Amino acid sequence: VVAPRVDFFFSSSGHKICELLNVEYIDKLAEYLTERVKSLGTESPIIVEVGAGDGRLSGFLRQRLPEKVQIFATDIQGCVGDDTNSFHVEKLDATEALERFAPSIVLSSWMSMGEDRTRSFRAQNSTQEYVLIGEVDFGVSGK
């Protein structure tokens, strides 16, 4: 049996980068979230990214979302993997983040393998939608 080769990109400090963000991806995700926020009719929409790592995704989305949309990056370890600390990440686990911010929309990128946080997303009364980002075909994210 030959195992497939898996290559990763690493930051200058040696942290594995699981997702490469490009303009097209960020623009399309921001477009989707903008439309969802409009359709939800929330006056002061809040989006929370849980497990945000270095906060780049939320940081780039913040630059493209309408001004009235608040987006918060959260991670149980705080900002991880960004040598420059360019993006602010609240040091909170997923449950604490949901309780503190009461988001309309929850983002979760590359949920840890074998983990399923969606039950806590659904249990939060304010959450009207959650967006899971990652792959499922080979079981390296989520449950």
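Of the 143 residues in the chain, 41% are buried (under 20% relative accessible area, with a 1.4 Å probe and protein chains only; exposed is over 50%, and partly exposed lies in between). The model is predicted: local features need pLDDT of at least 70 and side-chain atom pairs count only at pLDDT 80 or more, while totals for chains, interfaces and linings use all residues. Residues are numbered from 1 along each chain as its sequence is written, and side-chain values use heavy atoms, with hydrogens and water left out.

The chain contains 4 helices and 7 strands, taken as DSSP runs (helices H or I, at least four residues; strands E, at least two) and numbered from the N terminus. Their order along the sequence is β-β-α-β-α-β-β-α-β-α-β. Among contacts (heavy atoms within 4.5 Å) with a separation of 6 or more, 63% join residues 24 or more positions apart. The accessible surface of the chain is about 8,800 Å², and carbon and sulfur atoms hold 51% of that area, by the Shrake-Rupley method with a 1.4 Å probe.

The largest nonpolar core (buried Ala, Val, Leu, Ile, Met, Phe, Trp, Tyr and Cys residues joined through side-chain atoms within 4.5 Å) has 15 residues, and Leu33, Ile47, Leu61, Leu65 and Leu107 have the most contacts inside it. At least two residues of this core come from each of helix 1 (23–40), helix 2 (56–64), strand 6 (105–109) and strand 7 (129–133). Helix 1 gives the most, with 5 residues. Beyond its neighbours within four places in sequence, Leu65 contacts Ala30, Leu33, Thr34, Ile47 and Ile71. Another core, of 11 residues, lies apart from this one and includes Ile46, Val50, Phe101 and Val106.
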